[in-house]
Amino acid sequence: TDKSSSDNDWKYVIGSWGNNITQPKLTHKGNGIYELEISPDIISFYKVAGGEKVKKMAFVFRSTDGKTQTNNLFVDVNDLVIQITQPTNKTYLSQNQSVLVSATASPEASLKLFINDNNFAQTSGTAISADYNFTQSGKFWIIAEAITNIRTVRDSVLVYVCDNTNNTPKPVAYRNGINYLTDNSVALVLWAPQKDSVYVIGDFNDWKPSKDFKMNKDCNWFWLEIPNLMPGKEYAFQYLIDGKIKVADPYTEKTLDPWNDRYISNAVYPNLMPYPVNKTEGIVSVLQPGQEKYNWQSSGFQVPAKEKMVIYELLVRDFTAEHTYKAVLEKLDYLEDLRINVLELMPVNEFEGNSSWGYNPAFYFAPDKYYGPKNELKKLIDECHKRGIAVVIDMVLNHSYGQSPFVLMYMDNWKVTADNPWYNVKSNFQNPDAQWGYDFNHESLAT
């Protein structure tokens, strides 16, 4: 409290050290989670004297037998706080869409809600909510304010409202990425808030933007149907955003790489489609209408019970000299002799470079070509299932690297910009050793 001489001078400690009867006991909520509820408020719970100001709550958590305990833990206590509970930060809205804005405060205060500098609701108490209709497009700050006799605090979130003018509604069934409509037609969908125009460039238009390949705009989506394609033929393409940003489709099942594909041998990936040299730059995506579907052989596979799993973690790059899905399949007799029933593959989705552990992901739906064609991965999974072996894919969803379209679409000088829907501008990890690639914002609805 304000009467403590240091962080070690704890006031109003409940009970005595080591006395499990008098000290607060946490409630086990399951799954390793324990809870201490401080109710109805800090002053009452700790029986703090009138007029004394609480600055921090101080804790040590200890096991019942006293053999395990934490260091001293401190939580700052503010005498006035307010938090916007909805909408969340970086929410994307349509023009003329009404949204509920709400906030809570502690303790009771005079409360106000603002859109930028416009006050549109006010009340007194510990909660405030009101509907607001965004009639204009652009970026807007929602601000909640709490005022007492001695202090004013605010909380804010940023929302984006898209321009509904000149919109062509996207068919509801069309998902982000490549949608195969028929054996000779596709629909491409790109979600790109705050962008004005997108062209599809690729093999079908000699990599030049044209009127026929300008994507329709539907709020934050861009979409285009492409007919008259040749069944079974592979087409390389990119999106040209606002006339300057070129990216592959984030959801593509295959990429072409101008830097690394040359080092993939024909034995690893037979007849790999060549990169469109002198046509474009950067990673490109590939679509293939009417492609032959893999014919799955296994059926009725049962996942082993968790308590009976014997897991073999495998890096395709290092398991055999061939570093291919096919070579792993050919060694399943060896793995089966080890009595394993789960094969865990370290990340096999497209990562930067060729030789990697896979923890530098760029495309989440494209099996990395350095290990072979995607159907060879399916064959491996199929054969594992025939033998009663489950297959687990290790995935990295904390971060991605700079070749990811999600990064490239909102970047300045290789730094993520504040309007990026998916990433934090700075890593959430304080420890530099834990900062890898570009850090996903897991509180964002886009993520």
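This briefing covers strand pairing, aromatic rings and two buried loop residues. The model is predicted. One sheet in it is open and has three parallel strands. A separate pair, strand 7 and strand 8, runs antiparallel. The aromatic pairs number 26. N260 and D368 both sit in loops, N260 between strand 18 and strand 19, D368 between strand 21 and helix 5.

**Parallel sheet**

- The sheet has three strands, in the order 20-21-22, and their pairing is parallel.
- Strand 20 (311–314) and strand 22 (390–393) are the edge strands; each has a single partner strand, so one side of each lacks a neighbour in the sheet.
- On average, neighbouring strands here are turned by 25° against each other, with direction ignored.
- Four bridges join strand 21 (residues 342–345) to strand 22 in the parallel sense.
- Within strand 22, V392 is the residue opposite E344.
- As a general point, strands of a sheet pair through backbone hydrogen bonds, in either a parallel or an antiparallel way.

**Antiparallel hairpin**

- Strand 7 (residues 97–115) and strand 8 (residues 118–134) run antiparallel and are joined by 15 bridges.
- V99 has Y132 in strand 8 as its bridge partner.
- Two residues lie between the strands of this hairpin.
- N116 takes a positive phi there, near 55°.
- In general, side chains in a regular strand alternate between the two faces of the sheet.

**Aromatic rings**

- The count of aromatic pairs comes to 26.
- F204 and F213 form a stacked pair, with 5.5 Å from centre to centre and 5° between the planes.
- That pair counts as stacked because its 5° between the planes falls under the 30 degrees cut-off.
- F204 has a relative accessible area of 18%, so it counts as buried under the 20% limit.
- F213 is buried too, at 15% relative accessibility.
- Ring pairs also link a cluster made of Y92, Y160, W191, Y251, F365, F406, Y410 and W422.

**Charges over rings**

- R62 places its charged end over the ring of W17, 4.8 Å from the ring centre.
- K170 does so with W221: the charged end of K170 sits over that ring, 5.2 Å from its centre.

**N260, in a loop between strands**

- N260 lies in the loop between strand 18 (255–256) and strand 19 (284–287).
- Its relative accessible area is 17%, so N260 is buried.
- The side chains of N260 and D257 are joined by a polar contact of 2.9 Å.
- Beyond residues up to four places away in sequence, N260 touches G353 and N354.

**D368, in a loop before a helix**

- D368 lies in the loop between strand 21 and helix 5 (374–386).
- Its relative accessible area is 0%, so D368 is buried.
- Leaving aside neighbours within four places in sequence, D368 is in contact with Y325, V348, N349, E350, F351 and G353.
- G353 is thus named among the contacts of D368 and also among those of N260.
- A polar atom of the D368 side chain lies 2.9 Å from the backbone nitrogen of Y370.
- D368 and N341 are 27 residues apart in sequence, and their C-alpha atoms are 24 Å apart in space.

Key:
Residues are numbered from 1 along each chain as its sequence is written. This is a predicted model: local features need pLDDT of at least 70, side-chain atom pairs count only at pLDDT 80 or more; totals for chains, interfaces and linings use all residues. Side-chain values use heavy atoms; hydrogens and water are left out. Two strands pair if DSSP finds at least two bridges between them. Axes are lines fitted to C-alpha atoms, for helices over the stretch in contact, and angles run from 0 to 180 degrees between N-to-C directions. Rings of Phe, Tyr and Trp (its six-membered ring) pair if their centres lie within 6.5 Å; planes under 30 degrees apart count as stacked, over 60 as edge-to-face and the rest as tilted. Buried means under 20% relative accessible area, exposed over 50%, partly exposed in between (1.4 Å probe, protein chains only). A charge sits over a ring if NZ of Lys or CZ of Arg is within 6 Å of the ring centre and within 35 degrees of the ring normal. A polar contact is a pair of N or O atoms within 3.5 Å; within protein, one must be able to donate a hydrogen and the other to accept it, and residues adjacent in sequence count only if both atoms are side-chain atoms. Contact means heavy atoms within 4.5 Å.
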